[in-house]
Amino acid sequence: MTTDIQIKCRNVWKVFGPTPKAFMQRHNNNPSAQNLSDEGYIGAVQDVSFDVHAGEILIIMGLSGSGKSTIIRCITRLNDPTSGEIELEGEDLLAASPEELVELRRHKMGMVFQNFGLLPHRSVLSNVAFPLEVQGMSVKDREKRAREMIDLVGLGGREEYFPRELSGGQQQRVGIARSLAVEPDVWFLDEPFSALDPLIRAEMQDEFLRLQKMLKKTIVFITHDFEEATRLADRIGIMKDGRMVQMGTPEELILHPADDYVAAFAQNAPRDRIVSAKAIMEPAGDGQKSQPENSVPANAKIGTIAAQIIGADTAVPVVDDEGIIVGQISRQIMSDALFGTDAP
Amino acid sequence: MSDITLHNNSSLAQKYSVVLQFAAVIAFGVLLANLWQGASRWPAEWVIPLKLWLTEFFNWLGKEAGIGDYKFRDLTRAIAWFLKQPLTWTEYLLYRGVRSWGMPPLPWVAIVVGIGIVGHWIGGWRLALFSAACFLYLAIFGLWKDSMRTLSIVLVSVPVAAIIGLFLGIWVTRSKRAASIITPMFDLMQATPHMAYLVPIVVLFGFGQVPAMMATVIFAMPPMARCTILGLQTVPSDIIESGAMSGCTPRQLLWKVEIPSAHQTLMLGVNQVIMQTLAMVVIASLVGASGLGQKLLFSLQQLRLGAAVEQGLAIVLIAVVLDRLSQALAHRQPQHMEVKQTWARRHRHILAFITVLVVSYALAKYSSAWAILPKKMTITLGRDMDYALRWFSKEAYPYISPVRDFITVEMLIPLRNFFLWLPWPVVLGTVMLAGWRLGGASVAGLTGYLVAMIIITGFWVPAMLTVYLVFSSVIICVLIGVPIGIWSARNDRVARFVMGACDTLQTFPSFIYLIPVIMLFKVGDLSNILAILAYASVPAVRYTYLGLIRVPPVINEAALTNGCTPRQKLWKVELPVALPEIMLGINQTIMMALAMTAITALIGSRDLGQEIYRALPTADTGRGLLAGLSIAAIGIIADRLISAWAKKRKEALGVE
Ligand SMILES: Nc1ncnc2c1ncn2[C@@H]1O[C@H](COP(=O)(O)OP(=O)(O)O)[C@@H](O)[C@H]1O
Ligand SMILES: [Mg+2]
């Protein structure tokens, strides 16, 4: 598992205030909440460590102001972290010189912004071609590539439009096309769909999944919407007041929330579509096989097997791929899993 | 209600102590003046001859300064030479032609239609017709050549000032050190009347078109820098960051992302540069710029008011056309073309202009009236207007002059004598005490220092005359402007009209107001005051209006439920809440009034403005500069005191 780590963050701090570096040193790089508030500093990101694996969609979630944007901006070096280590593909990002940083952004990173960040004076085509233009690519090549990208996000025919002539959803498609134009290894999206209407948002999420199926990028995606997170994520990290409270698969977060904050987020999640039989079954069986018709597969999401289990008189066996019984689920377990333990 | 008007017992006690403090300072000052002659008039032998030193320094700079063989004078000559080139070419093009090459200037028809084409390109048919009609006026009224002289200076000064301003603005946003040097310098430049810059320019560059252009550039550049700073600072952070993430180097980020995104604010800066440039045309004529400004100045001085009206109108029309064009350009939004257009259609404006050019040159070959309208084909109503005016003054003067004399003798002269009598310790003491009460030691120190500088450099008497003029006009501005502002806030229709009028009045260059004032009241203090009044009352109106409509609705509703009558509501609730805003308007009025005192010097006065004006022909740099800086000092004192007061008051009211 160590080889496919694309981004590695260790004990990252970002502190805002008059002299953040000195402040951190004063407190041994580990100030308390009390230190911060006493001296009037803001700990936007506090002691955050995590890895991003190649090809995964990592979603960072949290309430507004919890430091999601700041951690992503530390990785892209739009903000310089106050302390800590960040590596991209094994290279120390914090040691990169301004010139190296420009090169990294030109070839390795792409980013999509909540408010799109389109250049108002440039057409769609010219916006998408912009990252290639600043690299010095010829007009012909960059426009060819930009047109491909525009077609990819379904905006073909709008090349000559200006951003203000497009709807929000269309503008964000331009933002996405632009960020993909340089074929980045890592793709950052900071609440890309939060400024959009719910209907458009769902459409854009499908679009996003479609693109990812083709492109297989490493993605760090920020949202404050748990439903969006569970639809898209391989793993989710939850942030609160600058700290990473928990990171894991959606299923882990729902079934084993680290604290009430995570539990509160998980509350409204569509459990039936996230939790699998394996995760809630109780131990049963001793290696024998079961008839396929009165058992359920271990990988099945509970939403798909709920009717069968609730309709059965006794606990239903859970089987693995070979049909061997690995556990069982009772009616009670299923209702707890679907509605939470405190449900009637 | 009591928490709004802030009247309670403890503050009443405080108020008494304030009154006592002021009374003590004043009494002490008056007493001192009675005991010691030097307190009512600073002894002449104690005046620091800073004036002379400055004059000598600039003379030395202009004549002798230098390193080895390289004189400072050579540098100024080189600068002048560089500026002269584009100006000469523009002049060739607009009205001179190059005789040795047989190249005639652009025919007036081509320019009139050309400006119409530009208007159409930027803003459609209405703007096209309006612009062309205004320029047609210049031709028909025989002001063509002078207009083109003025326009040449404008056309060259605007890009030069805009580019310098742009770079200074960029520099300020990139470097903290630059910001700490340049920002206060601009503040000082803004407060110093522009005429004061003229004197050192004359010493270093002499008289003529180029020095006039330099003065214009120096004067018109700060607003561009300010707009650049504002524009760059307000580019949305998303856009800047997306640029950075696109892999821009810092330079690419600036030129490809930030500057284009700030395009609207930058264009408003260019608009302000244009307006400032036109505001300068008369002032620039004092250092030898020929053109409309010079003609207007002569007409005013010879009291040929009919001609002055025509020339003044020409300047106003040029100003309004360039204002409309640049505003329309600033507000233009990019738009895609629905259907692919033919080459000819995309370039129709330039094609139209080329056609006009060819046709008009051909016509000019056939009859020179198409190149320059001969005098006998132009009209002027100047002479008739003069007759009419003379008749009108003769008829009206018997009625106007008693009013004028009454106001002058019974009100203005006593007021003036009072200001002249004021012993300097009284003024110094009250200003410092007010500064201390309002803004603490730093404000007291600064204001005190500025008053002291005026005293010891020997500008006390003209400074007090300036204060007297400004004081009288600002009082009237408030008495007229605030009620108009209140009325506008009460009535939307009035508001639309009044705000429109304010916008229009602000496009007029300041000296325009001299014309009607002299027409009605001849020269004298009253005319000065009325001209200042006409120029400076706009902010008093505007800020009163804005202050009142920004009173939070909650406060208004609370007042109504408390059973206030509309009148009580106005006096006890709205005005007190809006007062800080209104005071900021009055602050601006004072600044504009001070600037105007330098202009009214053209029609005679005895204040600091006159000191500057007198310094020009003799190239007495020290006198002109220090008088200008004294005006700036008065402005800064007023500004600091009022701002400190408004800040305190807003805090007390808990409004932003
Ligand atoms: N440039 C800054 N200066 C001071 N405080 C900042 C700055 N940027 C962010 N913060 C603070 O850091 C915290 C985290 O902000 P952010 O990362 O933008 O939150 P999120 O993206 O989760 O809404 C907030 O309290 C915010 O006010
Ligand atoms: Mg954010």
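Buried means under 20% relative accessible area, exposed means over 50%, and partly exposed lies in between (1.4 Å probe, protein chains only). This is a predicted model: local features need pLDDT of at least 70, side-chain atom pairs count only at pLDDT 80 or more, and totals for chains, interfaces and linings use all residues. Residues are numbered from 1 along each chain as its sequence is written, chains are lettered from A and ligands numbered from 1 in the order in which they are written, and side-chain values use heavy atoms, with hydrogens and water left out.

**Exercise 1. Place A:Val15 in its chain and decide whether A:Val15 is buried or exposed.**

Step 1: find the element. A:Val15 sits in strand β1 of chain A, residues 5–16. Helices (H or I, at least four residues) and strands (E, at least two) are DSSP runs, numbered from the N terminus.

Step 2: read the accessibility. The relative accessible area of A:Val15 is 1%, so A:Val15 is buried.

Step 3: list the partners. Contact means heavy atoms within 4.5 Å. Not counting residues up to four places away in sequence, A:Val15 touches A:Pro20, A:Phe23, A:Met24, A:Leu36, A:Tyr41, A:Ile42 and A:Thr82.

Step 4: take one distance. A:Val15 and A:Ser179 are 164 residues apart along the chain, and their C-alpha atoms are separated by 28 Å.

**Exercise 2. Describe chain A as a whole.**

Step 1: count the elements. Chain A has 15 helices and 13 strands.

Step 2: take the dimensions. Along the principal axes, its C-alpha atoms fill a box of roughly 70 × 55 × 35 Å.

Step 3: look at burial and surface. Of its 344 residues, 52% count as buried. Chain A exposes about 15700 Å², and carbon and sulfur atoms supply 49% of that. Accessible areas come from the Shrake-Rupley method with a 1.4 Å probe; for residues, only the protein chains shown count as cover.

Step 4: look at sequence range. Among contacts in chain A between residues at least 6 apart in sequence, 67% join residues at least 24 apart.

**Exercise 3. Work out which residues are around ligand 1 and which atoms make polar contacts there.**

Step 1: list the shell. A residue is near a molecule if one of its heavy atoms lies within 4 Å of it. The residues around ligand 1 are A:Phe16, A:Ile42, A:Ala44, A:Leu63, A:Ser64, A:Gly65, A:Ser66, A:Gly67, A:Lys68, A:Ser69 and A:Thr70.

Step 2: sort them. The shell divides into 4 nonpolar, 6 polar and 1 charged. Ala, Val, Leu, Ile, Met, Phe, Trp, Tyr, Cys and Pro count as nonpolar, Asp, Glu, Lys and Arg as charged, and the others, Gly among them, as polar.

Step 3: find the polar contacts. A polar contact is a pair of N or O atoms within 3.5 Å; within protein, one must be able to donate a hydrogen and the other to accept it, and residues adjacent in sequence count only if both atoms are side-chain atoms. A backbone N or O atom of A:Gly65 lies 2.7 Å from an oxygen atom of ligand 1. A polar backbone atom of A:Gly67 is 3.1 Å from an oxygen atom of ligand 1. A:Ser69 uses a polar side-chain atom, 2.7 Å from an oxygen atom of ligand 1.

Step 4: read the cover. Taken alone, ligand 1 exposes 560 Å², and the protein buries 60% of that.

Step 5: trace the elements. In chain A, β2 (42–53) and α3 (68–75) give two or more residues to the shell. The largest share, 3 residues, comes from α3(A).

**Exercise 4. Compare the settings of A:Glu89 and A:Phe116.**

Step 1: recall the background. Most residues other than glycine have a negative phi.

Step 2: take A:Glu89. A:Glu89 has a positive phi of about 50° although it is not a glycine. A:Glu89 is in the loop between β4 (83–88) and β5 (91–92) of chain A. At 34% relative accessibility, A:Glu89 counts as partly exposed.

Step 3: take A:Phe116. Phi of A:Phe116 is positive, near 70°. A:Phe116 is in the loop between β6 (109–112) and α5 (124–134) of chain A. A:Phe116 counts as buried, at 11% relative accessibility.

**Exercise 5. Decide where chain B calls for caution.**

Step 1: check the confidence. pLDDT is the predictor's confidence in each residue, from 0 to 100. The mean pLDDT of chain B is 86, and 97% of its residues reach 70 or more.

Step 2: find the weak stretch. Over residues 1–7 of chain B, pLDDT stays under 50. Where pLDDT is low, the predicted coordinates should not be read in detail.
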